[in-house]
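Reader: I have a model open and some questions about it. Shall we go through them in turn?

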Amino acid sequence: MALAAHSLALSISFRGAQCQHSKPKLPYSIPPISISKSKSNPPLIGLVSLPYRHHKPLRIFASVSVSNPEVRTGPEDLVASILSKVTQTDGGVLLTTEEHEEVAAMAEELQKYCVNEPVKCPLIFGEWNVVYCSIPTSPGGGYRSALGRLFFKTKEMIQAIEAPDTVLNKVSIRAFGFLDGEVSLKGTLKALDDKWIQVVFEPPELRIGPILEFRYGGESEVKLQITYIDDKIRLGKGSRGSLFVFQRRS
């Protein structure tokens, strides 16, 4: 007696690392389905031969649809994503407008995981590298402007916060391609509320080479909201909307 061939299309939806689905009840046993998977996540095809009396094997095709959105499940993933995006970008100078927007979006998401009253968190103290600013001229002032960068190459930007209320900003530079220098500002920190701080800085001090050192200008002040802090990074937003990313120095 002629028998019609049977085909069974299985659509499997994966969620996380495990999934559950009901198995069809067949009057015969089915050997395990072998599924091959490629990196580009094309539909996966499983092929199994089923002996059915004396006729040709029944072939079962399992088409697997795997969704692969960019999902960040927690603060550790967001921290890693932000650092990978801003590292080696000259404090954000080398990023495109689109990349700045991506950093801002991740920072906004990470803000949801900020501790309560971050100003009172002891993690605020220590030495931090200023690895990013959405407005690159904010840290370093004129030395970081488009014209300033032609003559002064930024080597590193550091902010040190010492208990109970001392802040020291330092920008290490190389002037004219061969003279090492440094611009430093010392300030006093004041908590305005549980998230905002104010720092009043003394006039900046400039040192170029081994003998040139002087102060110039007057006092200045900044206000900064701490939007996230942990043992690796600290995020801050200035009163004018500038986003800062600080990475703790090892």
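Author: Start with a definition: buried means under 20% relative accessible area, exposed means over 50%, and partly exposed lies in between. Note also that this is a predicted model.

Reader: Is Asp-90 buried, exposed or partly exposed?
Author: Asp-90 sits in the loop between α1 and α2. Its relative accessible area is 30%. That value falls between the cut-offs of 20% and 50%. So Asp-90 is partly exposed.

Reader: What is phi of Asp-90?
Author: Asp-90 is a residue other than glycine, yet its phi is positive. The value is near 55°.

Reader: Which loop holds Gln-88, and is Gln-88 buried or exposed?
Author: Gln-88 is found in the loop between α1 (75–86) and α2 (97–110). Its phi is also positive, near 60°. The relative accessibility of Gln-88 is 72%. The cut-off for exposed is over 50%, so Gln-88 counts as exposed.

Reader: How many helices and strands does the chain have?
Author: The chain has 250 residues, and buried residues make up 33% of them. Its exposed surface is about 16,400 Å², with 53% supplied by carbon and sulfur atoms. As for the elements, the count is three helices and 16 strands.

Reader: Among contacts between residues at least 6 apart in sequence, what share joins residues at least 24 apart?
Author: A contact here means heavy atoms within 4.5 Å. Take the contacts in the chain between residues at least 6 apart in sequence. The share that joins residues at least 24 apart is 49%.

Reader: How many aromatic pairs are there?
Author: Rings pair if their centres lie within 6.5 Å. By this rule the count is five.

Reader: What type of pair do Tyr-143 and Phe-152 form?
Author: Their ring centres are 5.2 Å apart. Their planes stand at 85°. Planes over 60 degrees apart count as edge-to-face. So the pair of Tyr-143 and Phe-152 is edge-to-face.

Reader: Where does Tyr-143 lie, and is Tyr-143 buried or exposed?
Author: Tyr-143 is placed in the loop between β7 (126–133) and α3. Leaving aside neighbours within four places in sequence, its contacts include Phe-152, Ile-173, Val-183 and Leu-206. Its relative accessible area is 15%. The cut-off is under 20%, so Tyr-143 is buried.

Reader: Phe-151 and Phe-176 pair as well. How many residues apart in sequence are the parts that this pair ties together?
Author: The two ring centres are 6.3 Å apart and the planes are at 65°, so this pair is edge-to-face. Phe-151 lies in helix α3 (residues 148–151). Phe-176 lies in the loop between β9 (166–175) and β10 (179–191). The pair therefore ties together parts separated in sequence by 25 residues.

Reader: Which residues form one aromatic cluster?
Author: Tyr-143 pairs with Phe-152. Phe-151 pairs with Phe-176. One cluster is formed by Tyr-143, Phe-151, Phe-152 and Phe-176.

Reader: Which rings have Arg-234 over their face?
Author: Arg-234 lies 4.9 Å from the ring centre of Trp-128, over its face. Arg-234 also lies over the face of a second ring, at 4.0 Å from the centre. The rings are Trp-128 and Phe-246.

Reader: Arg-234 is in contact with Tyr-228. Is Tyr-228 buried or exposed?
Author: Tyr-228 is in strand β14. Beyond neighbours within four places in sequence, it contacts residues including Pro-75, Leu-110, Cys-114 and Arg-234. Its relative accessible area is 5%. The cut-off is under 20%, so Tyr-228 is buried.

Reader: Which residues lie nearest the centre of the largest pocket?
Author: The largest pocket has a volume of about 890 Å³. Its lining has 35 residues. Elements that give two or more residues to the lining include β8 (152–162), β11 (196–201) and β14 (220–229). Nearest the centre lie Ser-138, Pro-139, Asn-169, Phe-201 and Val-222.

Reader: Which peptide bond is cis?
Author: Look at the loop between β8 and β9, where Pro-164 is found. Omega is near 5° for the bond leading to Pro-164. The cis bond runs from Ala-163 to Pro-164.

Methods:
Residues are numbered from 1 along each chain as its sequence is written. This is a predicted model: local features need pLDDT of at least 70, side-chain atom pairs count only at pLDDT 80 or more; totals for chains, interfaces and linings use all residues. Side-chain values use heavy atoms; hydrogens and water are left out. Rings of Phe, Tyr and Trp (its six-membered ring) pair if their centres lie within 6.5 Å; planes under 30 degrees apart count as stacked, over 60 as edge-to-face and the rest as tilted. Buried means under 20% relative accessible area, exposed over 50%, partly exposed in between (1.4 Å probe, protein chains only). Helices (H or I, at least four residues) and strands (E, at least two) are DSSP runs, numbered from the N terminus. A charge sits over a ring if NZ of Lys or CZ of Arg is within 6 Å of the ring centre and within 35 degrees of the ring normal. Accessible areas come from the Shrake-Rupley method with a 1.4 Å probe; for residues, only the protein chains shown count as cover. On a 1 Å grid over the protein atoms alone, a cavity is a set of points where a 1.4 Å probe fits but cannot get out, and a pocket is an open set with protein on both sides within 12 Å along at least five of seven lines; lining residues have an atom within 4 Å of a point. Grid points are joined across faces, edges and corners, and a volume is the space filled by probe spheres set on the points.
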